[in-house]
Each structure stands twice: as C-alpha cells, then as structure tokens.
Amino acid sequence: MQQFINVILPIPLEKLFTYRISETEFENLHPGMRVAVPFGKSKIYTALVYEIHSTPPEVYEAKEIHKILDEHPIVIQLQLQHWRWIADYYMCSVGEVFRSALPSAFLLESETLILRNEKGGATENDLNDNEFLVFEALQHQSMLKVHEVSAIVDRKNVLPILNRLLEKKVILLKDEIYERYKPKLVRYVKLGNTYKSEKRLEELLESLTRAPKQSQVVLSLFQLQASDRKPIKISDLVNVSGSSKAVIKALIDKGILEEYRIQTDRVSYEGTKEYFESKELNKHQQKALDDIYQGFENKKVTLLHGVTSSGKTEVYVKLIEECTNSGKQALYLLPEIALTTQLISRLQDYFGEKISVYHSKYSVHERVEVWNNVLNRKPKAQIVIGARSALFLPYSKLGLIIVDEEHEGSFKQFDPAPRYHARDAAIVLSKLHQCNILLGSATPSIESYHNSQSGKYGYANIDRRFGNVLMPEIELVDLKEQTRKRRMKGHFSERLLEEIAETLENGEQVILFQNRRGFAPIVECTTCGHSPQCPNCDVSLTYHKFKKQLRCHYCGHHIALPESCEACGSQTLDTKGFGTEQVEQELIALFPQANVGRMDLDTTRGKYAYEKIITSFEQHELDVLVGTQMLTKGLDFRNVNLVGIMNADSLLNFPDYRAHERSFQLLTQVAGRAGRTQKRGKVLIQSYNPYHQILKQVSTNDYMGMFKEQLYEREQFFYPPINRIIKITFKHKNYNTLNEAADWFSKSLRNVFRIGILGPEYPPVARIRNQYIKNVLVKIPLGQSLGKTKNSIKRIESSFNAISQFKSVRVIYNVDHI
C-alpha cells in the first residue's frame, strides 16, 4: 500500500505539503524527522515530517522525497502542538514557526552549482563581456557557486546572465545539498603503541638526544600524563613543552606520537565541581515562596511581584533546585542577552555544569549542540537559560518555567513572523507540559497584574529589599529652571554634577541612562535649516562622532559627515538632541580622571562584548557607565550609589498607549540599580516637566497608583487588558497603491465588525527601506470570539489578494501588538 507523509516546509505556506514514500522509508520515518524534499522547479528544501498516512493528495501528484536526513526525530510531538498554537494564535504559517524555531544549521539549503557544458557549441564571439567572464572562469574551475559568479561580474543580480548562458548551452546547473553543522573535533595525542614497553622507551629517549626539542615534547607528555589522567590536547602539549606544532607533527610523522580526535561540545563549563549551598531565605522571601507553592498547587500561573533588589533570584534558585532534584528540566527566560551573562555566573555557583545557555549571540554550531543536549536529556542541559528563542527547544520533561522581567517589550518578536510574545507562548507551553510557571518582575505589566487581581493568576509579593536596605532616594531636577538660571553644563544640571563628583570622591560608581544611541539624532545647518535625511526612510540621519558618519538606525544607510551644508554650502553645521556618545564625551571632559564606559547597541556587537563591559564595571575598572535601556534590566552591581536619568521626557511623550506604563517601568528599573547593598542609593531624574504624574509615582514608588490610573484610562479607550488588539500593517513601495489597498481593507473590516476599527493611519516613521507603511488597529472585546474574528480577517485577506493591483501589497498581522 502506498504511504505518504505530510511535511512542514520552512516557507510561509498555509497548508502542509504531501510527498510519497517507499516501504523501507515508511519503516524508518517518524514525525519530527527531517527530510530533504524537492519543491518547485529546482529547489530542494529541508522539511519536517508532520504525519504519516495513506491518503494521496487530490489536487496534485505527490513527488518522492529526496532523502532522509535524521535517524531519530529531532522535534518532539509536544513541540509540534506548540508550533501549531503559535501559528494559529499569531496568524502566521507553521512553516514560519519551523524556520524560526530550529537553529539554521538544521535547515539544509540546496546550493546551485554552475558547471561547464562540455557538449555546448558556443564560441567566444557569441558572448557579451559578462558572459565571457563566467565562461573564462569555468575554463579554469570545474564549477562555480552563485555568489562566486556575482563576485566575478561584480553584480548582485546574476540570474539574467545565467539564464542567457543556459539558453546558449554554455553552462549546466546542478543542485547540491550540503550539511551546515559540523561537530567540533579536538586534536589529542598519545605515545605510539610500539613505545609502550620500558625497553623501547629507553631506546627512544636515547635516539632523541640529538633532537632536544622533540625530546622535550616527549618528556612534557609524560609529565602531563602523570599529573592528569585525562586525554592530552595538542594545544596543551605545545604550551607545556614550549615548542611548536611543527615539532609535534614531526613526531607524529615518525610514528613516535599518535594523533586522534574526540568530538567535544563548543560550550562547556570550566568551573570547579564544588557548588555553593543555596542561601537561606529571609522571612519575606520565604512568605513569597510559600505563596508561589500555593499558586502552583492550584495549577495557576503565578506572578512574583518583588521590588528591585528584593532577592527574587534567590527564590528562583530554590524553585530550580527543587525542580532539578525531582529529575525535571527547568527553563529560565530573560528578555535581554546582557542579563544572561551576569545571571549565568551566579547560577553556576549553585548548579555548575547543569546549565546550558541558548540565545542568538551564540554561533549556529553552539545552538545545535544545546538543542541536541536538551533532546537527549543530558545532565548538562537540565537548566536552560536563554532569551525568547529558548522556548523552542525540544523539552521532554519540563518541570518549571521562570519568565524574569515579564513586563519587558523585548519578549515580543517584531520581525520576521512568527510575531509571538514569549511570555504568553511560555504559559501555553507550561499547559502542554503540565508544569509550573512563574512570572517575576519589580514592575509587572498591567495585564499580568490585572490577571493576578482578578484571581486568574496566583500572586506573591516581596515589598522589602534584601537586608532591609532602603529604596533609593529619588530627586526630580527641573531642567527648565536650571536652564533659566544658566546652571547647565552641556546636558548636565548643576545638581547632577555635584552628586557625580561626590559619588566618585567616595570611590563609588555611577550609572547614567539616556535612551538614544549615537552622538546626536539631527545635524542641522544653522543658516538654511537643512538636515540630512535618509534616502530610503522618512527619518533624519543620526550623527555618530566616533566613526565620523551619519547613519540611519532603520535601514543602516550611512554617509561620511559632510564638511558643509548640502543645500546652501555654508559650513555652519550644528547638532540637535543628544545620545549616549555625546553624554560619554561630555563626561570625559568634565571628569577627566574618571574611567567612563558606554553600553549600547554600537558597543555590544561582538559575542563577548556584553560580558567585557559588565565584568569591567563589576570589578570597578569603570567608574561611570553610560547606557541605553540595556542597563535597566535586572543587572546587579554592588557598588553603584548614583543613577542619573539624563532626560525623562523623551520616554513620556511617546505616541503610544503604553508610553506611561513603559516610562514607569523603565525609570523604576533604572532607579533599582542604585544602592543595592548597605548604603541607601540616590537617583536624579532630569526633566522639563518634573510635576508629571508618572514621575511623581516613580519618586514615591507608587505602583498601585500607576496601575489604577492606567487601567481606568484603558477602560475608557478600550485597550488591553480590557480588549485584545490586532495590528494590521500594509507595506508597498508605491504611495498611491498603498493608500488604496489600506482603505479597501479597512472598509471591509468596518463592514464586518462595525466598531473597533482604527485607521488606516501612517506611523511616526511612514517609510522604511523605500516601503511606505500604513497601520490599521482592530480592537476585539473580551466577549467576542478571537478565533472567529481572525477567520473573518483571513477571509477579507483572501478577497483582497484576488484584486490584481493589491497582490504586491504586503499584509502583516501583529496579534497582541505592544
């Protein structure tokens, strides 16, 4: 009987594709295994087996698969259920979830190879210049890859050239599949088998008296073997013997030493085997832990609301300890990679090598190894710490999920699809695994706190800092008043400078927060008012002084800083606004004796960049750290006594219904970095409007006041948590087409839903990468079925795509837009 498989392809297809398989393949295949399949005319994709059945497809004839890529499933059934939920809820395809979930090394791509056609009869005269360059290259090489052809002819799009060469029968195309994950093999050495006896050893050492370097290597090998029973790496032998790899190679060639290779993980724990006992909890932490257990017993998602520096991590450690002791896996989700670096070293003190880390700064190969360790339930992957992508690992026995800093916007994926929220997806994952889940934050999101107040979530609270340290003293500085009295130096008020000087004198550290990178967001000509704009986006170019260039933060376009105004030619260029780079420069000028560091997207590009900055600040190599919102999230610096917020207004005046909630969270979190040990810290907030309600609530740490006000406003204007929202974005390079398409779509939505449709409207930046953008917001009351609403929107999209002029308009859904 003919058997078929339904597969998930890593492309945005609404349906699964069916392929036929032979009897032997049927015996070896299981859901969750990868297969290489032909798709379209010449492409080969890595697909994932979703189900095996015997029903042939009705519309098309099923092709055969190319080959089976796995011996065992690499994705488990629970993952497939979770993917299906994410695809349904966030209105995308399972293929997009598949592509996002798997490390890219698992997705083999077919590479097109260009070969010379031996039977072709074309001569040099038949070819134009570019075609001849490719033809000539194939005389010297047996095959070329597409990117190599691109380099030869110095053009990005080489398909027209290749098509012409195909027509003239000069080349042939061949699809080659290649595996992208290579296990790491470390080279080791041992003494050759012929020299194991003492007699042969003596002869060997005598024969090497004339070769002192080789003799030294052999003696060093004995020394290493005596001190350590482990296999000996070639790199270690080179270091100990002080010789070179060439000397060792000569000994291997002579047969005196034998080389062998062992497969090792790229990420391994280098610490000691001795772990610290977890700390005793104080009575506030213990009370919170009891409340958490109570919530877990009632099978509820539980929210831990603990003020900054209240010792939430110690509570998490107790929960993880209990989870691992019962032989289950624990997942610890964090919003920011910067946080994982500091937390790993803290948790390794308790759990040592049981910890694996998974996030995008790790290489593809390292992520594959973590995936395999979790799949095989290795002891070293009992606890996984990671950013939002760690949700997708193949957990088979998950006992606990902790979502730390659950209010963070970084948990939401924006591009590409699936546009999921890691906190909400983690809650669904916990339901599938029937495991406990804890959300932790000093400033919970309005939705989570609302759920805990209505009894949907369990609730635990720690309202005191660990060691009864007082909450920092928060002072508001009126910039308007300071400017009027001429008391500003650059962007620093006199009050802030006094405090920085005093803090540095006491040998303590300072954090300064400015939520904008670069030197200045605008360069303006003071004569004619012209400022350089990005040619691809509707934004001005940001000035980066260090690189002496103007750069667009949306598309990456950059130009050298012009000497004079491009419009009028005068050399009177001035900057408006300020970013972290400018704050750093002003500080160095004002406090030349202080060591100043900067932490933003520009300084944390490398894999270990976060670690370097955080470690040097922890070890007091830096006195002042200037940074963007990366600094605000749960980092624990013992010696920081002063936090300065350069300008709070830019946060408060943002055109977004969450602006006030976000400002409260961000300012409270930044303030929480101050005075975390014995001494009470100080926070200075500079603002042109110090009497703003949110700033008052931050200064008195009044979360409840902020929550009630925001909830009242949202009830009035129908925003979450009272309603659900779906944001629909339209993108197109033609301004008029976009307007017509967005109007047509929103009119159809109004016909179906009558109320709750806002837009279409342009966002603050209405063109990015030469694509015009328009948004429509759909507000869905809690009583209305979300599934039916989504189906109605999908039906409208089908009609929309049937109109030929709208086919090229891109429609993007963002469910639960934040």
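In this predicted model, strand S20 (473-478) and strand S32 (residues 682-687) run parallel and are joined by six bridges. Within this pair, Asp478 stands opposite Ser687 in S32.

Both strands belong to an open sheet of six strands, arranged in the order S20-S32-S31-S23-S30-S29 with parallel pairing. S20 and strand S29 (596-599) form the edges, each pairing on one side only. On average, neighbouring strands of this sheet are turned by 20 degrees against each other, direction ignored. Helix H19 (residues 580-590) packs on the sheet, where it touches strand S23 (509-513), S29 and strand S30 (624-627). The direction of H19 makes about 175 degrees with that of S29.

A further set of pairings involves strand S16 (residues 383-386). Strand S14 (residues 329-333) runs parallel to S16 and is joined to it by four bridges; here Tyr332 stands opposite Ile385. Strand S15 (residues 355-358) also pairs with S16 in the parallel sense, over four bridges, and Ile385 is the bridge partner of Val357. S15, helix H14 (residues 364-375) and S16 together make a right-handed β-α-β unit.

The side chains of S16 are divided between two directions: Ile383 and Ile385 point one way, while Val384 and Gly386 point the other way, and all are buried.

The parallel pairs described above are set out below.

| Strand pair | Bridges | Residues standing opposite or bridged |
|---|---|---|
| S20 and S32 | six bridges | Asp478 and Ser687 |
| S14 and S16 | four bridges | Tyr332 and Ile385 |
| S15 and S16 | four bridges | Val357 and Ile385 |

How values were computed: Residues numbered from 1 in each chain as written. Predicted model: local features only at pLDDT ≥ 70, side-chain atom pairs only at ≥ 80, totals over all residues. Heavy atoms only, no water. Buried < 20%, exposed > 50% of the residue type's maximum accessible area, 1.4 Å probe, protein only. Pairing = 2+ DSSP bridges. Right-handed = clockwise from strand over helix to strand, strands pointing away. Axes fitted to C-alpha atoms, helices over the stretch in contact; angles between N-to-C directions. Contact = heavy atoms within 4.5 Å.
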